[in-house]
Amino acid sequence: MRLDTPVNKAFYQASMVLALLASAPITAHAGDEVKILLELLLEKGIITQEEFDQKLKVAREKEEIRAFNEAQDVRRANREIDKRAEDERKFKTQIYGQVSAGYYQASNITSANLDASGMSDQPKANNRVGLKVSRELDPDNSAMITLESNFSARTGAIGRDAAGYGTANIGTPGAAMFDREANVRWISKNYGTFILGRGPNLQNDLSGAFDSRSNWNFGGLKPIGRYVGFHGASGINRADKLFRYISPNWNGFNLDTGVSFGGVPGNDEKGTNFYLGGRYKNGNFEAGYNHAQVRLGGATAPTKIQDVNNEVNFLAAKYTIDQLTINVGFVTTRNPNPTSLTGIPESGGTFATGRTDGKVNANTWFTGAVYRFTPQLSWNAGYYSVNDRTRQTEDNKNNDVQMFATGLTYSPYKEWDFFVDYVTARRQDGATGAFTIYDKWGPETGSVCASSGTGCSESTKSQSGISVGAQYKF
């Protein structure tokens with residue numbers, strides 16, 4: 001064929017175009033381009049109207065198929081992205097904790113009634129580091145695993161609560177690294193929260209929530225509670241094999257109950273503890289109550305006690321007026337069976353010398369206030385009074401404690417607290433129960449705390465001290 005004539009050249013070009021259109025994939029604008037070319041060929045008489053209609057129909061069908069396939073690919077990719085995002089939203093991992101340290105100076109702070117000073121360990125609240133892994137089961141239910149350990153910023157010891165004096169216990173068989181929490185929980189909007197494993201109970205929550213000193217280790221409700229028996233890691237405020245239930249909110253009220261299972265071969269009742277209580281909140285008013293029946297065994301036989309030997313009734317309330325929050329509380333600790341207790345003299349039944357595990361009969365009341373000058377600066381104060389009722393004689397006054405504590409807290413950032421505190425505790429002459437304003441961590445005395453129960457920070461004399469430090473929360 002000769003290409004030097006106009007007709008032949010146009011026919012050749014049209015044939016090449018049609019061949020390319022038949023073999024090449026349709027591009028994003030192929031439909032419009034094909035239509036223009038086909039109209040040109042139709043106008044020059046190279047193709048008929050029937051051929052024009054047929055070719056245009058084929059081109060449009062190919063374009064529709066291509067557009068459909070491309071949309072399907074996009075939808076599949078979006079579905080995969082949405083599924084990954086949904087899985088990531090339902091599955092959460094959180095590392096959290098807090099650490100506090102500072103400097104203290106106190107009088108009669110040791111068992112030898114000596115003054116002491118040095119680096120304070122956990123002066124505000126127990127240091128901790130923890131891991132939470134949660135999974136949303138559906139919009140109303142989720143599951144969570146919590147592992148949390150105490151640690152000392154002064155010595156680096158881990159896995160020991162305040163009664164451990166900051167000394168690592170790794171060499172002891174069965175020593176707990178996750179001494180604060182090791183549990184799994186089911187959280188339901190409709191049915192409440194179920195917790196199973198090692199963890200805190202209601203008493204731990206109430207002691208912190210209704211103390212103006214925020215359960216501080218230096219001059220707060222925690223040292224008092226440990227002394228008279230409503231605070232302790234051995235089943236009172238924190239327990240092993242705990243099954244805890246917290247109800248949903250019913251018009252401001254939450255029921256809170258739990259049982260800490262003990263049990264030895266042949267006797268499931270030994271070492272089993274029980275508590276029942278709840279919290280109520282209505283506007284600026286809040287109240288809490290807890291009744292606990294605890295079997296306190298020895299360190300070497302934690303499940304040996306069958307009968308209840310520590311009964312606690314805790315009642316407290318607080319009210320907020322603008323920047324001021326005031327609180328008041330009353331606690332009874334009773335020992336139904338004092339003659340069977342380790343460290344409690346059978347003849348006298350009073351506080352055992354050198355012990356602060358609180359296996360006693362005592363009444364405790366406390367009150368306090370928190371005033372926020374600004375969102376960053378606050379003042380707190382607390383007064384605590386212990387009346388020893390173990391022996392109904394004049395001697396029971398010897399182990400009474402009256403403690404006053406006050407402090408300032410400055411929080412320039414949400415994660416940081418800087419604080420200064422002053423505490424004084426008054427004791428009568430002849431006291432036999434050792435008490436400490438500094439919980440039970442051993443001060444920087446250069447000596448090792450005795451393993452028999454006498455702590456470096458404990459004494460039978462009046463104590464007073466100051467503490468400055470900082471706390472970082474993450």
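Reader: What share of the contacts with a separation of 6 or more comes from residues 24 or more positions apart?
Author: This is a predicted model: local features need pLDDT of at least 70, side-chain atom pairs count only at pLDDT 80 or more, and totals for chains, interfaces and linings use all residues. Residues are numbered from 1 along each chain as its sequence is written, and side-chain values use heavy atoms, leaving out hydrogens and water. A contact means heavy atoms within 4.5 Å. Of the contacts with a separation of 6 or more, residues 24 or more positions apart account for 62%.

Reader: How many helices and strands does the chain have?
Author: Both are DSSP runs, numbered from the N terminus: helices are H or I with at least four residues, strands E with at least two. The chain comes to 5 helices and 17 strands.

Reader: How many residues of helix α5 are buried?
Author: Buried means under 20% relative accessible area, exposed over 50%, partly exposed in between (1.4 Å probe, protein chains only). Across the 474 residues of the chain, 44% are buried. Helix α5 spans residues 221-228 and is mostly covered. Its buried residues include Lys 222 and Arg 226, and the count is 8 of 8.

Reader: Which strands help to cover the buried residues of α5?
Author: The cover includes one helix, α4 (202-209). In α4, Leu 202, Gln 203, Asn 204, Leu 206 and Ser 207 are themselves buried. The strands in the cover include β11, β12, β13, β14 and β15.

Reader: Which residue follows α5?
Author: Its phi is positive, near 100°. The residue is Gly 229.

Reader: Asn 217: buried or exposed?
Author: Asn 217 sits in the loop between α4 and α5. Its relative accessible area is 1%, so Asn 217 is buried.

Reader: Which residue's backbone oxygen does the side chain of Asn 217 reach?
Author: Leaving aside residues up to four places away in sequence, Asn 217 touches residues including Pro 123, Lys 222 and Tyr 438. The backbone oxygen lies at 2.8 Å from its side chain. That is a polar contact: N or O atoms within 3.5 Å, within protein one able to donate a hydrogen and the other to accept it, with residues adjacent in sequence counting only if both atoms are side-chain atoms. The partner is Gln 122.

Reader: How many aromatic pairs does the structure hold?
Author: Rings of Phe, Tyr and Trp (its six-membered ring) pair if their centres lie within 6.5 Å; planes under 30 degrees apart count as stacked, over 60 as edge-to-face and the rest as tilted. The total is 15.

Reader: How many residues apart are Tyr 227 and Phe 435?
Author: Their rings form an edge-to-face pair, 5.3 Å centre to centre with 70° between the planes. Tyr 227 lies in helix α5 and Phe 435 in the loop between β16 (416-426) and β17 (463-473). Both are buried. The pair links distant parts of the chain, and the separation in residues is 208.

Reader: At what angle do the planes of Tyr 472 and Phe 474 lie?
Author: Both residues are partly exposed, Tyr 472 with a relative accessible area of 31% and Phe 474 at 41%. Their ring centres are 6.1 Å apart. The pair is stacked, because the planes lie at 25°.

Reader: Which residues form one aromatic cluster with Trp 186?
Author: The cluster holds Trp 186 and three partners. They are Phe 194, Phe 243 and Tyr 245.
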